[in-house]
Amino acid sequence: QGGFDCSGLVCELLKMQGLLYHRTDLTAQGIYNYLKHLKWMPTENPSGGDICFYGKTLVTIRHCSMSLNSTMMIEAGGGDKNTKTLRQAIDKNACVKVRAIKYRTDYLTCLNSPGNN
């Protein structure tokens, strides 16, 4: 069985764009730190392909997603670090979802690729 958590989904999407190596696996915080190192910048007006981050502060990021446009995101959500089986994922409604970027109350920022600035 396999599946994605939020950072796993975002890592796969970044790999598809050639922005991460094949075996790279990062946490949501790790993705933020990595993209900042690549000079991705915070944006008030997300566009498709920006990476959005959620948590209490920018050093305690707990969730990430990819924007589809200025208002919507795609995320793997619903589970938690203890979701290990398909049955647990079903019980927690853990799946890939399309939602408003600011659906979550712990929204922090989106980072925009240097090519989109």
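How many of the eleven residues of α1 are buried? Nine of them, so to speak of α1 as mostly covered is fair under the 20% cut-off for buried. Before I go on, a reminder that we're looking at a predicted model.

Okay, let's stay with that helix. The buried residues in α1 are Cys6, Ser7, Gly8, Leu9, Val10, Cys11, Leu13, Leu14 and Lys15. And what do they pack against? You've got helix α2 on the list, plus the strands β2, β3, β4 and β5, the last of these being residues 95-100. Once α1 is done, the chain comes to Gly18, which has a positive phi, near 75 degrees.

You'll have spotted a lysine among those buried names. Lys15 counts as buried because its relative accessibility is 19%, and the cut-off is under 20%. Its side chain meets that of Glu12 in a salt bridge, 3.2 Å from N to O. The two sit three residues apart in α1, about one turn of the helix. Glu12 comes out as partly exposed, at 33% relative accessibility.

Next up, helix α2, residues 28-37. Here the buried set is Ala28, Gln29, Gly30, Ile31, Tyr32 and Leu35. Those residues pack against α1, and also against β2, β3 and β6, where β6 runs 107-112. Just after α2 there's another positive phi to look at: Lys39, at about 75 degrees.

Now β2, since both helices pack against that strand. Take Tyr54, which is in β2. Is Tyr54 buried or exposed? Buried, with a relative accessibility of 0%. Leaving out residues up to four places away in sequence, Tyr54 touches a run of neighbours from Ile61 and Arg62 through His63, Cys64 and Ser65, then Met73 and Ile101, and finally Arg104, Asp106, Tyr107 and Leu108. For a sense of distance, go 28 residues along the chain from Tyr54 to Asn82, and their C-alpha atoms are separated by 19 Å.

Two names on that contact list bring us back to charges. Arg104 and Asp106 form a salt bridge with each other, their closest N and O atoms being 2.9 Å apart. Both count as partly exposed: Asp106 has a relative accessibility of 22%, and Arg104 has 26%. As a general point, side chains of opposite charge can pair when their charged atoms come close.

How many salt bridges turn up in the whole structure? Four. One more of them is worth showing: Arg87 with Asp91, at 2.9 Å from N to O. Both of these are in helix α3, four residues apart, so again about one turn of the helix. Asp91 counts as exposed, with 56% relative accessibility.

Last stop, the surface. Which residues form the positive patch? Lys56, Arg62, Lys81 and Lys84. Arg62 is a name you've heard already, as one of the residues that Tyr54 touches. Lys84 is in the loop between β4, residues 72-77, and α3, residues 86-91. Lys84 is exposed, with a relative accessible area of 64%.

So, if you're rotating the model while I talk, here's the route again. Start at α1 with its nine buried residues, cross to α2 and the things its buried residues pack against, go on to Tyr54 in β2, and finish at the positive patch that includes Lys84. That's me done.

Technical notes:
Residues numbered from 1 in each chain as written. Predicted model: local features only at pLDDT ≥ 70, side-chain atom pairs only at ≥ 80, totals over all residues. Heavy atoms only, no water. Patch = residues over 30% accessible without salt bridge, like charges linked within 9 Å, V, L, I, M, F, W, Y side chains within 5 Å. Areas by Shrake-Rupley, 256 points an atom, 1.4 Å probe, with all protein chains shown as cover. Lys, Arg positive; Asp, Glu negative; His and termini not counted. Charge placed at Lys NZ, Arg CZ, Asp CG, Glu CD. Buried < 20%, exposed > 50% of the residue type's maximum accessible area, 1.4 Å probe, protein only. Contact = heavy atoms within 4.5 Å.
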